[in-house]
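I opened the file today to look up a handful of contacts and burial values. My notes follow in the order I took them.

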Amino acid sequence: MKRRSSSRTSLFLMELILVIFFFAVCSAVSLQVFAAARVMSERSAALSSAVLQAQSAAEVYQAAGGNLDHATDLLDGEQVQNGLIVYYDKTWLPTNKSAARYQLTLTALQAYTADIAVCDNLDGGVLYTLQVKTTGGG
């Protein structure tokens with residue numbers, strides 16, 4: 001009779017170990033899925049903000065009629081050769097170069113045309129690019 005009780009206890013412990021193992025595997029998979037979802041969400045938010053800032057810079061460039069001095073003042077950026085740069089922190093507020101997470105670069109081309117690129121300074125990747133044309137005379 002004692003032997004029968006011992007085998008039931010062993011079976012119960014085996015089942016308990018299997019259940020714990022199953023839940024451990026499920027929780028590990030769930031954590032990986034949640035981590036991937038968070039990264040994807042952050043990338044999506046960064047892309048949305050990059051599009052918004054690029055469109056805003058394009059509208060400012062068009063309103064300035066292709067005048068880089070005027071556009072630089074309106075965007076609160078710094079003028080560089082053939083263009084301007086605006087730096088943003090991680091919450092997309094304008095900041096200085098040393099605290100910048102993102103960078104918007106507007107490069108003036110010929111005939112009132114400009115390329116706008118928004119980059120992530122951490123990995124150097126381009127988030128969004130846009131080409132804008134204006135009639136000039138703003």
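Which backbone oxygen lies 3.4 Å from a polar atom of the side chain of T134? I found that it belongs to Q62. I keep in mind that this is a predicted model.

**Entry 1: T134**

I placed T134 in the segment after strand 6, the strand running over 126-133. I then looked up its exposure: T134 has a relative accessible area of 12% and is therefore buried, the cut-off being under 20%. Leaving out residues up to four places away in sequence, I listed Y61, Q62, G65, G66 and Y112 as what T134 touches. Q62 thus appears both in that contact list and as the owner of the backbone oxygen at 3.4 Å.

**Entry 2: T105**

Next I took another threonine. I located T105 in strand 4, residues 102-108. With a relative accessible area of 19%, T105 is under the 20% limit and so counts as buried. Its side chain makes a polar contact with the side chain of Q103, at 3.2 Å. Not counting residues up to four places away in sequence, T105 touches L84, I85, D115, I116 and A117.

**Entry 3: the nonpolar core**

Two names from the T105 list, L84 and I116, sent me to the core. Which residues have the most contacts inside the largest nonpolar core? I noted L84, L104, L106 and I116, in a core of 22 residues. The elements giving two or more residues to this core are helix 1, helix 2 (68-75), strand 2 (83-88), strand 4 and strand 5 (113-120). Helix 1 gives the most, with seven residues.

I followed L84 further. Beyond its neighbours up to four places away in sequence, L84 touches L68, A71, T72, L75, E78, Q79, L104, T105 and L106. L104 and L106 from this list are also among the core residues with the most contacts.

**Entry 4: salt bridges**

How many salt bridges does the model count? I got two.

I recorded E42 and R38 as one pair, their side chains meeting at 3.2 Å, N to O. Because E42 and R38 are four residues apart in helix 1, about one helical turn separates them. E42 is partly exposed, at a relative accessible area of 45%. R38 counts as exposed, at 59% relative accessibility.

I recorded D120 and R101 as another pair, with the closest N and O atoms 3.0 Å apart. D120 lies in strand 5 and R101 in the loop between strand 3 (94-95) and strand 4, so this salt bridge ties together parts that are 19 residues apart in sequence. Is D120 buried or exposed? I read 8% relative accessibility for D120, which counts as buried. R101 is partly exposed, at 25% relative accessibility.

**Entry 5: positive phi**

I then checked backbone angles. Most residues other than glycine have a negative phi. D76 is not a glycine, yet has a positive phi of about 55°. I found D76 in the loop between helix 2 and strand 1 (78-80). D76 is exposed, at 59% relative accessibility.

Where is N82, which has a positive phi of about 60° although it is not a glycine? I placed N82 in the loop between strand 1 and strand 2.

**Entry 6: a surface patch on helix 1**

Which residues make the nonpolar surface patch of about 390 Å²? I listed F12, L13, L16 and I20. I looked up L16 from this group and found it in helix 1, residues 2-63. L16 counts as partly exposed, at 37% relative accessibility.

**Entry 7: L109**

I finished with L109, which lies in the loop between strand 4 and strand 5. L109 is partly exposed, with a relative accessible area of 36%. Setting aside neighbours within four places in sequence, I found L109 in contact with A114, D115 and Q131. D115 is also on the list of residues that T105 touches.

How many Å apart in space are L109 and S7, C-alpha to C-alpha? I noted 83 Å, for two residues 102 apart in sequence.

Conventions. Residues are numbered from 1 along each chain as its sequence is written. This is a predicted model: local features need pLDDT of at least 70, side-chain atom pairs count only at pLDDT 80 or more; totals for chains, interfaces and linings use all residues. Side-chain values use heavy atoms; hydrogens and water are left out. Patches are made of residues with over 30% relative accessible area and no salt bridge: like charges are joined within 9 Å, nonpolar side chains (Val, Leu, Ile, Met, Phe, Trp, Tyr) within 5 Å. Accessible areas come from the Shrake-Rupley method with a 1.4 Å probe; for residues, only the protein chains shown count as cover. A salt bridge is a side-chain nitrogen of Lys or Arg within 4 Å of a carboxyl oxygen of Asp or Glu. Buried means under 20% relative accessible area, exposed over 50%, partly exposed in between (1.4 Å probe, protein chains only). A polar contact is a pair of N or O atoms within 3.5 Å; within protein, one must be able to donate a hydrogen and the other to accept it, and residues adjacent in sequence count only if both atoms are side-chain atoms. Contact means heavy atoms within 4.5 Å. A nonpolar core is a set of buried Ala, Val, Leu, Ile, Met, Phe, Trp, Tyr and Cys residues joined through side-chain atoms within 4.5 Å.
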